[in-house]
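This report is meant to be read beside the sequence and the model, and it moves from one helix outward to the domains, the ligand shell and a few backbone details.

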Amino acid sequence: MNLSEEQRAMRDVVREFAVEEIRPVARESDENQTFPEDVWDGLADLDMTSLTVPEAYGGLDVDRLTYSVVNEEVAYGMLSVATALSVHSLATSCIAEFGDDDQKERWLPDMAEGRPVGAFALSEPQAGSNPAEMTTEARREGDEYVINGKKQWITNGERSGVVVLFAKTDREDPRSVTQFVVPKDADGLAVGKKEDKLGLRASDTTSLVFDDVRIPAENRLTEEGKGLSAAFHILTGGRIGIASQSVGLAQSALDEAVAYATEREQFDRPIADIQTIRHKLADMKTQLEAARLLTRDAARREDAGENVELAASMAKYFASEAAVDVTNEAVQIHGGYGYTTDFDVERLYRDSKITTIYEGTSEIQKKVIARNLLD
Ligand SMILES: Cc1cc2nc3c(=O)[nH]c(=O)nc-3n(C[C@H](O)[C@H](O)[C@H](O)COP(=O)(O)OP(=O)(O)OC[C@H]3O[C@@H](n4cnc5c(N)ncnc54)[C@H](O)[C@@H]3O)c2cc1C
């Protein structure tokens, strides 16, 4: 699918950054479970932290296809960095789309420059696939809201400076979910346990605990009760981002597999000459390109103003499952070496699994696809 000259230029810049700045630190960041902050600052220097910030507030405000291409390339470098960037972009999207002028002025110019980093706090310990079951409450008291509850699995949990929060104004009323912007240094807001994960280990995933956190009423982003529809709206675009990251991750695994198959010899010839291996690579390539096409199709449709609920879910479902398949086969092609941390495919395989889980599991994507087909 053709990209414009501008999109190709952006892709090339980010690909170069991914290869020269992200990949070299990926293994160590994964091993130490630390987020590479220098890489983040480098992305900010390239204006990549301003992708979903309007130009009036210092942002690039890119179209969805460009957003997709950037996500793909950052994930080619390392999924943990791409995840952090896409969550930051979700937060800036929420403020840009739902905030008033004062809220935008307060947060967006600095976030466009990379800091404060944004977090997006929807999930809870007992409310993941169905966020309407959340119990975090923001009770109105005069000119303030008082927030109590716990958010779970928050990307950029520790490193963020601002949180886009979803909470109920009435805990008993599932229709009362409302969106707020909460400064991270608010009294009573504590960062909880850092998760020890299978993959995405350089990404900072924590809980956030709100204990009588008081925020001014003007920090409300949506009218009371309009938070859930806002979250679903933002997450539809977000799913195209995760699909794009899955494509970038799979591309990285395919490139590793091709290089290894060409170098590694068994039975006096490169394993790339063995038909079984050739067929594996052919399947990987086909799955990857199909995933890329679905993803870019969804992005293009969004840019054309279409409702992309179906297209985004199909792209996210197919591309994330493809990433798991492709990375799995990349490990297989590496044989025993692929099972060790000496080769990147091991990390790519572990990282891939999260793409089928966050921003709506594959089961939830299929639910959305079937609903569009049948109801
Ligand atoms: C590393 C990581 C980072 C994350 N980052 C963020 C973040 O920044 N912000 C945020 O808000 N959240 C974040 N999440 C949360 C993520 O979006 C949820 O984990 C996800 O939505 C699934 O929710 P759950 O874990 O509660 O699983 P559950 O909802 O309990 O699901 C368990 C299983 O049941 C299935 N299931 C549930 N309901 C249905 C149904 N109706 N039909 C069919 N199957 C169903 C699911 O598909 C899954 O297989 C993150 C999660 C992880 C692991």
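The buried residues of helix α7 pack against three other helices, namely α3 (64-77), α6 (227-263) and α8 (309-333). In this predicted model, α7 covers residues 275-303, which is 29 residues, and its first and last C-alpha atoms are 42 Å apart, close to the 42 Å expected at 1.5 Å a residue. The buried positions are Ile277, Met284, Gln287, Leu288, Ala291, Arg292, Leu294, Thr295, Arg296, Ala298, Ala299 and Glu302. An α-helix has 3.6 residues a turn, so residues three or four places apart point the same way. Just after α7, glycine 305 takes a positive phi of about 85 degrees.

One of these positions can be followed further: is arginine 296 buried or exposed? Arginine 296, a residue of helix α7, counts as buried because it has 23 C-beta neighbours inside 10 Å, where 20 or more are required. When residues up to four places away in sequence are left out, arginine 296 touches Met1, Leu65 and Ser68. Arginine 296 and alanine 312 are separated by 16 residues in sequence, while their C-alpha atoms lie 9.7 Å apart in space.

A second helix, α9 (residues 344-352), is mostly covered, with 8 of its 9 residues buried. Those residues are Asp344, Val345, Glu346, Arg347, Leu348, Tyr349, Asp351 and Ser352, and they pack against α1, α4, α6 and α8.

**Domains and their contact**

The protein chain is divided into domain 1 (5-112), domain 2 (118-225) and domain 3 (228-374). Between domain 1 and domain 3, the C-alpha centres lie 20 Å apart, and 21 residues of domain 1 are in contact with 22 residues of domain 3. On the domain 1 side of this contact, the elements that give two or more residues are α1 (5-32), α3 and α4 (79-98). Of these, α3 gives the most, with 10 residues. By class, the side of domain 1 that touches domain 3 holds 11 nonpolar, 4 polar and 6 charged residues.

**The shell around the ligand**

Which residues come nearest to the ligand? Among the 22 residues around the ligand, they are Gly128, Ser129, Thr155, Thr361 and Glu363. At least three residues of the shell come from each of domain 2 (118-225) and domain 3 (228-374). The elements that each supply at least two residues are β1 (118-121), β3 (144-155) and α10 (362-374). Sorted by class, the shell has 11 nonpolar, 7 polar and 4 charged residues.

Strand β3 also takes part in a hairpin, where 5 bridges join it to the antiparallel strand β2 (residues 137-141). Within this pairing, alanine 138 has isoleucine 147 of β3 as its bridge partner. The hairpin of β2 and β3 has 2 residues between the strands, and glycine 142 takes a positive phi near 60 degrees there.

**Backbone details in the loops**

Most residues other than glycine have a negative phi, and most peptide bonds are trans. Two aspartates depart from the first pattern, and their phi values are set out in the table.

| Residue | Phi |
|---|---|
| Aspartate 47 | near 70 degrees |
| Aspartate 268 | near 65 degrees |

Aspartate 47 is placed in the loop between α2 (37-45) and α3, and because it has 18 C-beta neighbours inside 10 Å, aspartate 47 counts as partly exposed. Aspartate 268 is placed in the loop between β8 (265-266) and β9 (269-270), and with 6 C-beta neighbours inside 10 Å, aspartate 268 counts as exposed.

The peptide bond from arginine 115 to proline 116 is cis, with omega near 5 degrees. Proline 116 lies in the loop between α5 (101-112) and β1.

Conventions:
Residues numbered from 1 in each chain as written. Predicted model: local features only at pLDDT ≥ 70, side-chain atom pairs only at ≥ 80, totals over all residues. Near = placed C-beta within 6 Å. Helix = DSSP H or I, 4+ residues; strand = E, 2+ residues; numbered from the N terminus. Nonpolar A, V, L, I, M, F, W, Y, C, P; charged D, E, K, R; others polar. Domains from an automatic or database assignment. Expected span 1.5 Å × (residues − 1). Buried ≥ 20, exposed ≤ 12 C-beta atoms within 10 Å, placed from the backbone. Contact = placed C-beta atoms within 7 Å. Pairing = 2+ DSSP bridges.
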